[in-house]
Structure formats: C-alpha cells, structure tokens
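Please open the model in your viewer and keep the sequence panel beside it, so that each selection can be followed in both places. The stops below go from the whole chain to single residues.

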Amino acid sequence: MSIIEKALRKNRVAGAAGKSDPGAGSSRGASPWAPEIPPDPAPEIPPDPDPDLPAEIQELRPEVLQRHGLILPGEERSGLAEQFRLIKRPLLANAFGAPQLRVRNGNLIMVTSSLPGEGKTFSTINLALSIAMELGRTVLLVDADVAHPQIPKYLELDGDHGGLTDLLTDPGVSMRDVLIRTNIDNLAILPAGKPYRRSTELLASERMSELLDEMARRYSDRVILFDSPPLLAASEPTVLATHMGQVVLVVEAERTPKGALERSLDLVAGCEVVMTILNKAVWLPGMDYANYHYGYGGYGRAAEAPAATARNE
Ligand SMILES: Nc1ncnc2c1ncn2[C@@H]1O[C@H](COP(=O)(O)OP(=O)(O)OP(=O)(O)O)[C@@H](O)[C@H]1O
Ligand SMILES: [Mg+2]
C-alpha cells in the first residue's frame, strides 16, 4: 500500500471516529478526484485450532497407502473408492442426516468381524480415508484392537506416544498427548496405546464407557471409527458394540462360516444399526476391477436387520 493510500486510509478511519485530522483533511471534505480506496478486507478469522491436536503432523505417504491397496488421495474415482462411497453413505445419513432419521450416537461407528483376518483394519482405514478426503468431515480413527494394535504400523506412523489404553488407565494423559495428527487435514488417529495386561478387558470397563460418552458429546460433529478385535475371540468387543450408534460387520467372502456370522449378528443385535459388508469377493471374469472388492451388504436398524447373509452387489 502506498504512503498516500495509508494517509488516506488513516484519515478515513479518523473521520469515521469523528476525530478528523486537520493536517490530512477530513474524509467528508475529500476531493472527488481522490482515488477510490478499496474497503478493508474482512479480517481473516483463522479457524479455531483444535486444542486436542498435537502440533506435530505425521505424513500418510501415498506409497504406503498404495502398498496396502488403500484408497489414494486424488483417486476418488477408483473402484475401491466407489465401493466405500456406497458403504459410507448410509452410515453418514444415520449419523448426520435428517433429525428424525438420526441414530443415537450415530457418529460412533465400530468396524468388526467374527474372526481374525477378515479385513477389519483394512475396512476401517479405507472408510476413514474415504470420509476425510472426500467429504471434509473430520474423522477420528481409533485403534480399539488393543491386544493386537495395527493401525500405526499398517500406515507406517509413529504410534509410540501412547493411546487408548493410556487414556483409560492414566488420568494424567490427555487426548492431545496421544492423538496422531495426519497430513490429511480432517483425519486424526488415536493409537491403541501401551500394551497393558488384559488390555482387551479395558474395552468393557466403566472408564471406557465414560470416555465414549465424552467423545460422543465432545466430537458430536465428527465421525469416530473404531477398529476392533474379532467378536468371537473375546466378550469385550460385544460390550463395546453396545456403546456404538452403528456397527459395520465385515464378512470375508468364501471364508466366514455361516454359523460364525449368525452368532456375530446375534452379539451385535442390541446395536441400533448393523451393516454387513462382504470383503474380498472375487470379481467375475471380464470385469475390469482388480481381484478384490467390497460388496455392500444389508444394513438397517437391528429390529429389521437383514438375514444373516451378506449379499454381493
Ligand atoms: N479387500 C481387500 N483387498 C486387499 N487386501 C485386503 C482386503 N481386505 C483385507 N486385506 C488384507 O488382508 C490382510 C488382513 O486384513 P486386516 O488386517 O484388515 O484384517 P483384520 O480383520 O483387521 O485382522 P485382525 O483380526 O488380525 O485384526 C491384510 O494384509 C490386509 O491388507
Ligand atoms: Mg485388525
């Protein structure tokens, strides 16, 4: 800004305050030829920094995402991204849609399955990436598989500064101490935390239910996704499910036994919304997508939960 413009602006401000500066002339008496002064731009109000986020940002590297076959930034039109778009749509509608359709604590979503290795972690991470990258809605990805934590390792992030178990056992630990802030603006990760004797039992503790209530209240506008242990391996994930607004049950194509799926559906029947997704279904010959894909199974309020068969669409 030139010196003249500065003087004129100063004059205008003084004039507006009713204290015209005789040396510079008042704005009321300003020459009609005086240059038009653009109005001050609206002051930029920086977005409220999230007090729970640490200053350090950890990078989710595309080559790591690619190595695990996860959704990549900038490739939102890929087949995998399209599958997760179908999966997330009803989940988000239940959490943030029309008030009469919303589910209580619908923003708390647990991804689980009957048995180990069916694709819970893969699905949870993809769902988190899909929601954070595409919709700009803030996602907190929680590694609640405390006995076999995988998320930071999977994503090659440093998750050694504590996490969920520390929040649950040490009153001196705050969210900010343990959250991982990522280079995807809307995605933060809560690691599982330090190994703890009988850590899975913590998931069913009173402190866990207090923490979940607090999270649901404090982060009511965010999606909180929980990667969990398999339902049939221990009783705690079933207790955890009772606190969730929604449960996503991963079914592995050609592998999850029908009896195991039926048992799992029974275990989460108390949850208002249970969605099943079919993972690792093989595409039919002639289709151009890779070997694996997701099928979007049924979902609905538990009372109307689909039969214990996930269909592949
Ligand atoms: N749809 C998929 N396409 C390609 N790879 C997949 C898919 N689903 C899972 N995988 C891979 O299969 C392996 C097991 O998946 P994942 O770790 O997500 O299972 P999990 O249910 O979380 O296992 P655990 O019960 O041990 O925690 C991983 O190497 C994962 O990358
Ligand atoms: Mg896992």
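Two residues are taken to be in contact if their C-beta atoms, placed from the backbone, lie within 7 Å. In this predicted model, residues 24 or more positions apart account for 72% of the contacts in the protein chain that have a separation of 6 or more. With the whole chain coloured by secondary structure, you can look for 11 helices and nine strands, and of the 313 residues in the protein chain, 38% are buried.

Next, select the largest nonpolar core, which has 71 residues, and in which Ile109, Ala128, Leu141 and Leu225 have the most contacts. Helix α4, residues 120-135, contributes the largest share of this core, namely eight residues. In soluble globular proteins, nonpolar side chains tend to be buried together.

Stay in the core and centre the view on Ile109. Which residues is Ile109 in contact with, leaving aside its neighbours within four places in sequence? They are Leu91, Val223, Ile224, Leu225, Phe226, Met244, Gly245, Gln246 and Val248.

Now show helix α3, residues 79-96, together with α4: the two pack at an angle of about 85°, and their axes are 9 Å apart. Because angles of 65 to 115 degrees count as roughly perpendicular, that is the description that applies to α3 and α4. To see the contact itself, select Leu80, Ala81, Phe84, Arg85, Ile87 and Lys88 on α3, and Asn126, Leu127, Ser130 and Ile131 on α4. The residues of this contact comprise six nonpolar, two polar and two charged.

Keep α4 displayed and turn to ligand 1. Of the 17 residues around ligand 1, those that come nearest are Pro116, Gly119, Lys120, Thr121 and Phe122. Both α4 and β8, residues 273-282, supply at least two residues each to the shell, and the largest share, three residues, comes from α4. Colouring the shell by class should give four nonpolar, nine polar and four charged residues.

For the last stop, select Ala144, which sits in the loop between β3 (139-143) and α5 (151-154). Is Ala144 buried or exposed? Ala144 has 27 other C-beta atoms within 10 Å and is therefore buried, since 20 or more is the cut-off. Apart from residues up to four places away in sequence, Ala144 touches Leu164, Leu203, Phe226, Asp227, Ser228 and Leu240. A distance drawn between the C-alpha atoms of Ala144 and Leu164 should read 7.2 Å, although these residues are 20 residues apart along the chain.

Terms used. Residues are numbered from 1 along each chain as its sequence is written. Chains are lettered from A and ligands numbered from 1 in the order in which they are written. This is a predicted model: local features need pLDDT of at least 70, side-chain atom pairs count only at pLDDT 80 or more; totals for chains, interfaces and linings use all residues. A nonpolar core is a set of buried Ala, Val, Leu, Ile, Met, Phe, Trp, Tyr and Cys residues joined through C-beta atoms within 7 Å. A residue is buried if 20 or more other C-beta atoms lie within 10 Å of its own, exposed if 12 or fewer, and partly exposed in between; C-beta atoms are placed from the backbone. Helices (H or I, at least four residues) and strands (E, at least two) are DSSP runs, numbered from the N terminus. Axes are lines fitted to C-alpha atoms, for helices over the stretch in contact, and angles run from 0 to 180 degrees between N-to-C directions. Angles under 35 degrees count as roughly parallel, over 145 as roughly antiparallel, 65 to 115 as roughly perpendicular and the rest as oblique. Ala, Val, Leu, Ile, Met, Phe, Trp, Tyr, Cys and Pro count as nonpolar, Asp, Glu, Lys and Arg as charged, and the others, Gly among them, as polar. A residue is near a molecule or strand if its C-beta atom, placed from the backbone, lies within 6 Å of it.
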